[in-house]
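Q: Could you take one small part of this model and look at it closely, explaining the terms as you go? I would also like to know what else can be said about how the chain packs.

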Amino acid sequence: MPHYKKLKIPLLWLRRHTSGREFMLISSVLVGFTAGLAAVVLKTMVHYIHVFLAYGNRLLDQPYWLVIFPLIGILLTVFLVMVMFNGRIGRGTANILFNISQKSSMVERHKMYSHVLTSAITAGFGGSAGLESPIVVTGSAIGSNYGREYHLNYRDRTLLLASGAAAGIAAVFNAPIAGVLFATEVLLTDISISAFIPLIIAAVVGALCSKIILQEEILFYIGQREFFESGHIPFYILLGILAGMMSVYYTRMALRVEEVFEGYQNRVYQRAIIGGILLGLLIMLFPPLFGEGYDSIRLLEGNNAQKLLQDSWLAFFGTNEWLLLGFIGALALVKVFAATITISAGGNGGNFAPSMFVGACAGFFFSRLVNLLNISTLPEGSFAMVGMAGILSGVMHAPLTGVFLIAEITGGYTLMIPLMIVSVTSFALVKYFEPYSLDTKKLAQKGQLLTHNKDRTILRIMKIRHLIETEFQQVSPDATLGELVQVIAHSRRNLFPVVNSENQLEGIILLENVREIMFKTEKYDVVKVKELMVKPATVVQYDDSMADVMKKFDESDAWNLPVLDGETYIGFVSKSSIFTKYRKLLIKTTNL
């Protein structure tokens, strides 16, 4: 018996001998533990790859290696994706949102390990992207496939998917509250209080895995040294506005860079080489862009920003305060390009860590500028930390995650008030200009995004292909009235599609429109079907969204509408079948 089947036996026994709620609690522990271990493996791999490159052979002392290593990492990632995963890996949180909304929370099995491997290579070799999105995908895949293995329904499978993501985030930052909030803000569109329990359990288990196993230098943890002063509130409000503006800039510039690289979609290696070289040149000019960037954030928080300038070509000009300020401001702007190029060129990573990097730079830049102008004396480390929450809230559209993540990684809640001020201000400003986050904007434009609007969510889950009825009796436009009567006599329907020899719909026959003439036998051989048919009020295309279909029903006031694939007749869709399916999905998706 295969080893994995032996492991399944105890769980199958539990599945049969425990209630659904008890099994879900047990499952959340197992999913959280597995996702936590995956996060530990990923962080450890990246750490030791970077240690080997940076310190083992001192290769990074030579600037040209800053160009070569990121290029090698991206090329290796692309090679693995093409050879091992047929060129399809599905990057980012948006891919998981797509699986939830369009694939009943079914995530491909290979994503339980493919993102760990590819993102470790990308980030380890200096790719300027974060590991959080890959671990979210990995944890989600673990939860989804666990649910599929034990035949759980959509609701429970989605909850375990979110539990895996929560455990991954909790393990990466040792921040269980942030993990839970991330899952609820980003992945789950509707959640009940009872559903929080599996999320909390999984997040706690994931955080414990990293806390027990990982070394302290691998974890991103910053002890809080400064306290909040109420007199700084106006400056935090201004920082929130700056963070909102930077978040809009981040979102729009990232999407533009992605569009440029989409032109190389079928030339993957050429795209990787171009992107890798561009990324390497950026890193050569701005060395702090190498890797995730958490070491740079520690320097900003610890008031050691001058060390960021030491390895740069600008160090030739000394350590002038205004030069340093300009360098930090430039870092905040170019990090967007570095991160997006890394991902668009074929590397694997996300925008979670880059948005924190940009936030730290923005917060430090703002507070240092105020201090240099002698307007006030601001704690630069605190403003760097709070800036991280502001950009994270704006880019990810997750203000609660931003607030509690920074609170947890700083080891206390002394900055809770400024965190709330900056996060809410940034989020409100971004929401005005960008209704959707960076990860969800493209899905929203395609109508594939789940939202907190339950009606809209269910309509997006529903697919025309599952609702088409094909048992309607077809008639030829050249058929006689007598032949039509014979068809009517053997049908239970009151609607008949008129289809030509090329299977194209020419019209429809409504029983109520031919009721009088169908009893006039003298016209059976005289009147043709094409004389009796009428055009349908409108038609539905096979690839129409359900929102478009419902709009057509409302405008036409019809009860049945024909479905075409181009010009080819397929069948009909009816309001009754839509309402029946809608009610089933409403029950299925309610109270996650």
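A: Helices here are DSSP runs of H or I with at least four residues, strands are E runs of at least two, and both are numbered from the N terminus. Residues are numbered from 1 along each chain as its sequence is written. The model is predicted, so local features need pLDDT of at least 70 and side-chain atom pairs pLDDT 80 or more, while totals for chains, interfaces and linings use all residues, and side-chain values use heavy atoms, without hydrogens and water.

The part chosen is Gly179, which sits in helix H8, spanning residues 176–187. Gly179 has a relative accessible area of 0% and is therefore buried (under 20%, with exposed over 50% and partly exposed in between, for a 1.4 Å probe and protein chains only). Leaving aside residues up to four places away in sequence, Gly179 touches Ala166, Ile169 and Ala170, where contact means heavy atoms within 4.5 Å. Of these, Ala166 is 13 residues from Gly179 in sequence, yet their C-alpha atoms are 4.1 Å apart in space.

Turning to the packing of side chains, the largest nonpolar core (buried Ala, Val, Leu, Ile, Met, Phe, Trp, Tyr and Cys joined through side-chain atoms within 4.5 Å) holds 130 residues, and Phe173 and Met356 have the most contacts inside it. Helix H7, which covers residues 154–173, gives the most to this core, contributing 13 residues. Another core lies apart from it and has 16 residues, including Leu481, Leu484, Val498 and Val514.
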